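Me: I'd like to walk through this model with you, one question at a time. Could you take me through the reasoning behind each answer?

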Amino acid sequence: MSRNQNHGRADRRTDRGSNPTVDGTAGSPLRFGYGTNGLADLRLDDALALLADLGYDGVGLTLDHMHLDPLADDLAARTRRVARRLDALGLGVTVETGARYVLDPRRKHGPSLLDPDPDDRARRAGLLVRAVEVAADLGAHAVHCFSGVTPAGTDPDTAWKRLTESLTPVLDAAATAGIPLAVEPEPGHLLSSLADFHTLRRLLGDPELLGLTLDIGHCQCLEPLPPADCVRAAAPWLRHVQIEDMRRGVHEHLPFGDGEIDFPPVLEALAATGYQGLTVVELPRHSHAGPHFAERSLPFLRRAAPAPGRTNRSGEPSATH
């Protein structure tokens with residue numbers, strides 16, 4: 001696959017979110033997407049068409065066997081077709097790598113970057129390198145990834161050493177392609193918090209292409225700061241955002257209004273950072289009703305988001321419920 005040639009495609013998509021909406025009102029400066037891991041029962045072409053019809057600005061594209069299979073022999077040709085389709089629909093894209101069984105049909109998210117077997121770690125790193133190449137050909141604004149769960153019997157120093165060594169070739173590929181690698185703090189993983197992200201950043205020497213995926217629900221679930229404060233704290237490293245509702249202490253991705261998050265302050269904080277990437281709805285366990293939740297989610301987010309030029313939403317009702 002060629003690299004860098006399609007980066008202009010992503011730039012051409014960045015102004016969709018500031019256009020007037022279909023009802024003539026001003027749109028939010030934020031750009032909203034929906035994750036294909038929440039539309040797993042749809043063909044990829046149908047999922048993309050649905051999101052464009054609903055008015056989404058982009059898609060969080062999880063590389064998986066049912067959509068854009070990263071292990072397919074004809075991946076390059078498939079990627080070119082998807083790139084043309086994204087262009088035709090005017091959709092931006094982030095490449096996500098959270099497929100449950102794409103590498104191993106028996107181990108969820110296995111193998112990981114922390115596995116004891118170096119060949120297994122190399123398989124995961126190889127998948128991420130391939131994701132970077134796909135992202136370059138799609139004109140994506142980032143590649144998402146995560147650390148994985150620390151294997152039983154592995155001490156923290158060993159786990160961090162494996163993670164940094166495994167990510168080194170991925171970051172090299174990201175630097176060559178000019179695509180940020182956005183690591184997600186995931187509850188239960190070695191890298192589970194914003195503090196852990198900074199640990200990784202220091203261990204790797206603060207590489208330019210290492211960024212952060214901030215999941216707003218995860219902030220509600222386990223971070224000591226409120227979600228809006230997490231957004232402000234993460235701003236310098238923010239390269240990708242996932243969003244859903246969640247409750248404190250419970251890692252369960254919920255539709256908007258079913259959890260505890262007050263979204264207007266969160267989206268106001270996000271808009272104030274100047275973040276230009278996609279904010280992607282992450283409802284992987286709701287694929288059985290994916291079109292329904294995709295249709296519900298975008299109006300909710302638009303109501304909760306600040307209008308262009310507005311930073312103070314005081315006096316407006318919360319869109320949380």
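**Helices, strands and what covers them**

Me: Happy to start with a helix in the core: which elements are included in what covers the buried residues of H2?
Reply: Bear in mind that this is a predicted model. Helix H2 spans residues 44–54, and its buried residues are Leu44, Ala47, Leu48, Ala49, Leu50, Leu51 and Ala52. The cover over them includes two strands and two helices: S1 (31–35), S2 (58–62), H3 (75–89) and H10 (290–304).

Me: Thanks! How are H2 and H10 oriented to each other, roughly parallel or roughly antiparallel?
Reply: The two helices pack with their axes 10 Å apart, at an angle of about 25°. Angles under 35 degrees count as roughly parallel. H2 and H10 are therefore roughly parallel.

Me: And how do the residues of the contact of H2 with H10 divide into nonpolar, polar and charged?
Reply: H2 passes H10 in a right-handed crossing. H2 brings Leu50, Leu51 and Leu54 to the contact, and H10 brings Pro291, Ala294, Glu295 and Leu298. Sorted by type, these residues are 6 nonpolar, no polar and 1 charged.

Me: What comes just after H2, and what phi does it take?
Reply: The helix runs over residues 44–54. Just after H2 sits glycine 55, with a positive phi of about 100°.

Me: Let's turn to the strands: in S3, which residue is the bridge partner of valine 59?
Reply: S2 covers residues 58–62, and S3 covers residues 92–96. These two strands pair in the parallel sense, over 5 bridges. Within S3, the partner of valine 59 is valine 93.

Me: Which residues of S3 point one way and which the other way?
Reply: S3 is mostly covered, with 5 of its 5 residues buried. Gly92, Thr94 and Glu96 point one way, and pointing the other way are Val93 and Val95.

Me: Now for alanine 131: is it buried or exposed?
Reply: Alanine 131 lies in helix H4, which spans residues 118–138. Buried means under 20% relative accessible area. Because alanine 131 has a relative accessibility of 0%, it counts as buried.

Me: Leaving aside neighbours within four places in sequence, with which residues is alanine 131 in contact?
Reply: First, a distance along the way: from alanine 131 to histidine 144 it is 13 residues in sequence and 8.9 Å in space, C-alpha to C-alpha. Leaving aside neighbours within four places in sequence, the contacts of alanine 131 are Leu63, Val95, Thr97 and Val143.

Me: How do the residues of the contact of H4 with H5 divide?
Reply: H4 and H5 (residues 156–177) pack at about 20°, with axes 9 Å apart, which makes them roughly parallel. From H4 the contact takes Arg121, Ala125, Leu128, Val129, Val132 and Ala136, and from H5 it takes Arg162, Ser166, Leu167, Pro169, Val170, Ala173, Ala174 and Ala177. They divide into 11 nonpolar, 1 polar and 2 charged.

Me: One more helix, please: which elements are included in what covers the buried residues of H6?
Reply: H6 spans residues 194–203, and buried there are Leu194, Asp196, Phe197, His198, Leu200 and Arg201. Glycine 205, with a positive phi near 80°, follows the helix. The cover over the buried residues includes H5, S5 (181–183), S6 (210–215) and H8 (227–234).

Me: Finally, what percentage of the residues of the chain count as buried?
Reply: The chain has 10 helices and 10 strands. Among its contacts between residues at least 6 apart in sequence, 75% join residues at least 24 apart. Of the 321 residues, the share that counts as buried is 57%.

Notes
Residues numbered from 1 in each chain as written. Predicted model: local features only at pLDDT ≥ 70, side-chain atom pairs only at ≥ 80, totals over all residues. Heavy atoms only, no water. Buried < 20%, exposed > 50% of the residue type's maximum accessible area, 1.4 Å probe, protein only. Helix = DSSP H or I, 4+ residues; strand = E, 2+ residues; numbered from the N terminus. Contact = heavy atoms within 4.5 Å. Axes fitted to C-alpha atoms, helices over the stretch in contact; angles between N-to-C directions. Parallel < 35°, antiparallel > 145°, perpendicular 65-115°, else oblique. Nonpolar A, V, L, I, M, F, W, Y, C, P; charged D, E, K, R; others polar. Pairing = 2+ DSSP bridges. Left-handed = near helix turned anticlockwise from the far one by under 90°.
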